[in-house]
Amino acid sequence: MNTRTVNSARMGIFCMLAGMLFISVNDMLVKTLSGDYPLHQLIFLRSVVALVFTGVLLQMEGGFGLLNTGRWRLHILRALLIVCANSALYAALAAMPLATATALYFVAPLFVTLLSIPVLDETVGPRRFAAIGVGFTGVLLMMYPQMGRGEGTLGWVVVLPVIAAGCYASMSVLTRKLGATSRASALAMQIQLAFIVVSIIVYLLAGDGRYAQSSDNPAVQFLLRGWVWPAPGDWVFILGLGLMSGIIGYLMTQAYRLSRASAVAPFEYVLLIFSLFWGWTVFGEWPQASVLLGAAVVIASGIYVFTREGRVKARVE
């Protein structure tokens with residue numbers, strides 16, 4: 001492996017770690033604001049700010065001509081997948097502890113490995129398939145105690161982080177596929193444009209909050225609540241969300257462009273440490289023992305899968 005390849009791998013890992021830190025702060029702020037604003041309003045305001053930041057990066061990397069990347073159907077699909085992933089995860093954050101949602105979301109790297117078979121034509125051996133099966137067992141261990149309807153349970157909301165993980169994994173694999181011919185800033189700007197367009201559509205359909213009365217579930221309320229003018233003290237948080245969104249989109253795209261998924265994906269697990277910290281210090285939350293145990297199983301499975309994948313590819317090369 002030459003020095004340039006090593007440096008690219010290290011930079012990809014750095015981008016992943018920095019991205020996880022910003023994602024944890026972003027999730028904490030979204031959860032903080034979820035009781036007062038609808039999700040589509042926060043996403044719209046955040047993405048408008050992020051679009052400015054991303055536009056500057058795009059100019060630095062070559063200008064708006066970079067947006068003409070071809071394969072536009074795949075680019076649109078990729079952008080919509082991250083919109084779905086964010087919407088499902090943020091709706092979950094309104095109804096469950098931050099670390100619990102994060103732990104369930106950690107099934108994403110296992111989805112990445114499965115999706116790399118049809119999308120990237122990669123081979124997954126029986127050991128990695130077995131580890132993936134163990135990982136999904138850990139997800140069930142986290143979900144099952146939460147799926148009842150009694151006091152303290154989450155019901156159907158517990159599925160949202162897993163849906164988000166599947167959409168995010170699909171987006172990550174497409175990023176790897178499209179990143180070979182597209183710059184990170186162009187891919188990041190496409191995401192922000194998709195957020196804005198979808199948010200406007202949701203506003204036109206439900207922006208007056210008329211559907212929010214159909215349920216008292218915090219997740220549904222967050223999705224369908226009517227738009228309100230932000231309080232003066234909240235603007236700094238909303239602007240911060242926008243800035244972080246632009247940075248996160250760029251960092252995550254760079255991570256998967258510069259390094260193999262098997263090299264950078266395991267570092268996503270540091271997000272749980274950040275989420276535990278914010279959940280404990282900001283919201284006074286601590287996940288149940290079943291969540292911590294299930295998260296440990298998922299993380300161990302994910303690390304094995306990606307470590308094994310790295311060894312297999314090293315032998316091939």
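This short talk walks through the helices, the core and a few single residues of one protein structure.

Before anything else, please keep in mind that what we are looking at is a predicted model. Let me begin with the overall layout. The protein has 13 helices and 0 strands, so that, if you read along the sequence, the pattern is simply α-α-α-α-α-α-α-α-α-α-α-α-α. Of the 317 residues, 53% count as buried. If we take the contacts with a separation of 6 or more, residues 24 or more positions apart account for 85% of them.

Now to the core. The largest nonpolar core has 79 residues, and those that touch the most other members are Val139, Met142, Tyr168, Met252 and Leu272. The largest share of this core, 11 residues, is contributed by helix H3, which covers residues 72-93. Let us stay for a moment with Tyr168, one of the residues just named. Leaving out residues up to four places away in sequence, Tyr168 touches Ile82, Ala85, Tyr105, Ala108, Met252, Tyr256 and Glu268.

Next, I would like to look at how some of the helices pack. Two packed helices are described by the angle between their axes and by the distance between those axes. H3 packs with helix H7, residues 160-178, at an angle of about 155°, and the two axes are 8 Å apart. Angles over 145 degrees count as roughly antiparallel, and H3 and H7 are therefore roughly antiparallel to each other. As for the handedness, H3 passes H7 in a left-handed crossing. On the H3 side, the residues that make this contact include Leu74, Leu81, Ile82, Cys84 and Ala85, while on the H7 side they include Ile163, Ala164, Cys167, Tyr168 and Met171.

The second pair is H4 and helix H12, the latter covering residues 270-283. Here the angle is about 165°, with the axes 8 Å apart, and that makes H4 roughly antiparallel to H12. In this case H4 passes H12 in a right-handed crossing. The contact is made by Leu98, Ala99, Thr102 and Ala103 of H4, together with residues of H12, among them Leu271, Leu272, Ser275 and Phe283.

How many of the residues of H4 are buried? The count is 8 of the 8, so H4 is largely enclosed by the rest of the structure. The buried residues run through Leu98, Ala99, Thr100, Ala101, Thr102, Ala103, Leu104 and Tyr105. To take one of them, Thr102 lies in H4, residues 98-105, and Thr102 is buried because its relative accessible area is 4%, under the cut-off of 20%. Apart from residues up to four places away in sequence, Thr102 touches Leu271, Leu272 and Ser275.

H12 also carries Val282. Is Val282 buried or partly exposed? At 39% relative accessibility, Val282 counts as partly exposed, because this value falls between the limits of 20% and 50%. Val282 and Thr32 are 250 residues apart along the chain, yet their C-alpha atoms are separated by 8.8 Å. If we set aside residues up to four places away in sequence, Val282 touches Met28 and Thr32.

A further example of residues far apart in sequence comes from helix H10, residues 235-258, where we find Ile238. At 1% relative accessibility, Ile238 counts as buried. Ile238 and Ser47 are 191 residues apart in sequence and 9.9 Å apart in space, taken from C-alpha to C-alpha. Leaving aside neighbours within four places in sequence, Ile238 is in contact with Leu33, Leu42, Leu45, Arg46 and Pro230.

Then there is Ser290 in helix H13, which covers residues 289-316. Ser290 has 18% relative accessibility and so counts as buried. Not counting residues up to four places away in sequence, Ser290 touches Leu141, Met142 and Pro145, and Met142 is one of the core residues I named earlier.

Finally, a word on the cysteines. How many disulfides does the count give? The answer is 0 disulfides. Cys167 is in no disulfide, and the nearest cysteine sulfur, that of Cys84, is 5.0 Å away, whereas a disulfide would need the two sulfur atoms within 2.5 Å. Cys167 counts as buried, at 14% relative accessibility, and Cys15 is buried as well, with a relative accessible area of 6%.

Note on methods. Residues numbered from 1 in each chain as written. Predicted model: local features only at pLDDT ≥ 70, side-chain atom pairs only at ≥ 80, totals over all residues. Heavy atoms only, no water. Buried < 20%, exposed > 50% of the residue type's maximum accessible area, 1.4 Å probe, protein only. Core = buried A, V, L, I, M, F, W, Y, C linked by side-chain atoms within 4.5 Å. Helix = DSSP H or I, 4+ residues; strand = E, 2+ residues; numbered from the N terminus. Contact = heavy atoms within 4.5 Å. Axes fitted to C-alpha atoms, helices over the stretch in contact; angles between N-to-C directions. Parallel < 35°, antiparallel > 145°, perpendicular 65-115°, else oblique. Left-handed = near helix turned anticlockwise from the far one by under 90°.
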